[in-house]
Every structure is written in structure tokens, then in C-alpha cells.
Amino acid sequence: TGRRENILMHFNAYRILACCAYALLVAALVVKKNRRPHAILATVAMALDITLVLVLELNRSVVELLAEKNYSLLQYGHITASTLAVLCYFPTFINGFKRLRGLGDASIRRRHILWQRAAFSFRTVGFILMFSLDGG
């Protein structure tokens, strides 16, 4: 039982970090008209979320478990939505960086908004479905 308690402790820590990342994303959206704070909050949130995904993969071999374990539809939904959110972070960041530096035109802004909406939508679904995972 000691190993199981240790896993649950880390799992709860992962959830806490995921909640922090999501809260930072929401805060970034709240201040989106103020570019500098928006950029800082969004960058920290995306970096935290990407780091969390990498740590989970390194510690748990999540990709390998996908083939071995039978997950519920909700759990597969969480994994899929979270993966898509992380993939959307990269064009969101690149286009946001260009906007922050004053590079490009209105099409950069439109692309940034498009990717940001996709990333936030996927992250929201993944965040909600996170609670369908084992351990609560």
C-alpha cells in the first residue's frame, strides 16, 4: 500500500499543477487586452502544462500505457483533448510572440486567436475530463 499511496500523492500533485496551469490560462484570457501580462501568464501556463505532460510521460510512460490498459471513453477523451491542447500551444505561442514583437499584420492576430481558442477549448475539455481518471 505504500507504493499506491505514493502514486496517489503524486497524482494529486499533478492535478494541483494542472489546476494552476488552467487558472493561469484563464487569467491570461481575462487580461488579454493588456499584452505584457497576457503574454507572461499565457507563456507560464503553457510551459507548465507542457512540462506536466512531459513529466507524466517520463514518470509513467503514458503513451506506452495507452496500448496496455483499457481506459474508459472519458479517459481517452482526456488524453486526446490534452494532447491536442498541447499541440495547439506551439502555433499559439509563435503567433502571439510575433504579435508581441509587432511583427506581421492582422492575419497573425487572426491566427493567434484561432489557435488560442482551439488550445483553450481542448484544454478546458481535458481539464474537466481529468477528474475521470483513476484516483478521483
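Just after helix α2 comes S61, a residue whose phi is positive, near 50 degrees. The model that shows this is a predicted one, in which local features need pLDDT of at least 70 and side-chain atom pairs count only at pLDDT 80 or more, while totals for chains, interfaces and linings use all residues. Residues are numbered from 1 along each chain as its sequence is written, and side-chain values use heavy atoms, with hydrogens and water left out.

The helix that S61 follows, α2, has 26 residues and reaches 37 Å from its first C-alpha to its last, close to the 38 Å expected at 1.5 Å a residue, where the expected span is 1.5 Å times one less than the number of residues. In the chain as a whole there are five helices and zero strands, and from the N terminus on the elements run α-α-α-α-α; helices (H or I, at least four residues) and strands (E, at least two) are DSSP runs, numbered from the N terminus.

Of the 136 residues in the chain, 30% are buried, a word that here means under 20% relative accessible area, with exposed meaning over 50% and partly exposed what lies in between (1.4 Å probe, protein chains only). In α2, the buried residues are H38, A39, A42, A45, M46, D49 and L52. Among the contacts in the chain with a separation of 6 or more, 73% join residues 24 or more positions apart, a contact being heavy atoms within 4.5 Å.

In soluble globular proteins, nonpolar side chains tend to be buried together. The largest nonpolar core of this chain has nine residues, namely L25, A28, A42, A45, M46, V86, C88, Y89 and A119, where a nonpolar core is a set of buried Ala, Val, Leu, Ile, Met, Phe, Trp, Tyr and Cys residues joined through side-chain atoms within 4.5 Å. Helices α1 (2–30), α2 (35–60) and α4 (73–100) each supply at least two residues of this core. A second, separate core of seven residues includes Y14, A18, L52 and F127. Returning to L25, and leaving aside its neighbours within four places in sequence, we find that L25 is in contact with A45, M46, Y89, F120 and R123.

The aromatic rings come next, and there are four aromatic pairs, counted when rings of Phe, Tyr and Trp (its six-membered ring) have centres within 6.5 Å, with planes under 30 degrees apart called stacked, over 60 edge-to-face and the rest tilted. The rings of F93 and F97 have centres 6.2 Å apart and planes at 25 degrees, so this pair is stacked. F93 and F97 are four residues apart in helix α4, and are therefore separated by about one helical turn. F93 is partly exposed, with a relative accessible area of 40%, and F97 is partly exposed at 39%. The rings of F127 and F131, by contrast, have centres 5.7 Å apart and planes at 85 degrees, so that pair is edge-to-face. F127 is buried, with a relative accessible area of 17%, whereas F131 is partly exposed at 41%. Together, Y22, F120, F127 and F131 form one aromatic cluster.

Finally, there are the cysteines. The chain has zero disulfides, a disulfide being a pair of cysteine sulfur atoms within 2.5 Å. C19 is in no disulfide, and the nearest cysteine sulfur, that of C20, is 7.1 Å away. C19 is partly exposed at 32% relative accessibility, whereas C88 is buried, with a relative accessible area of 6%.
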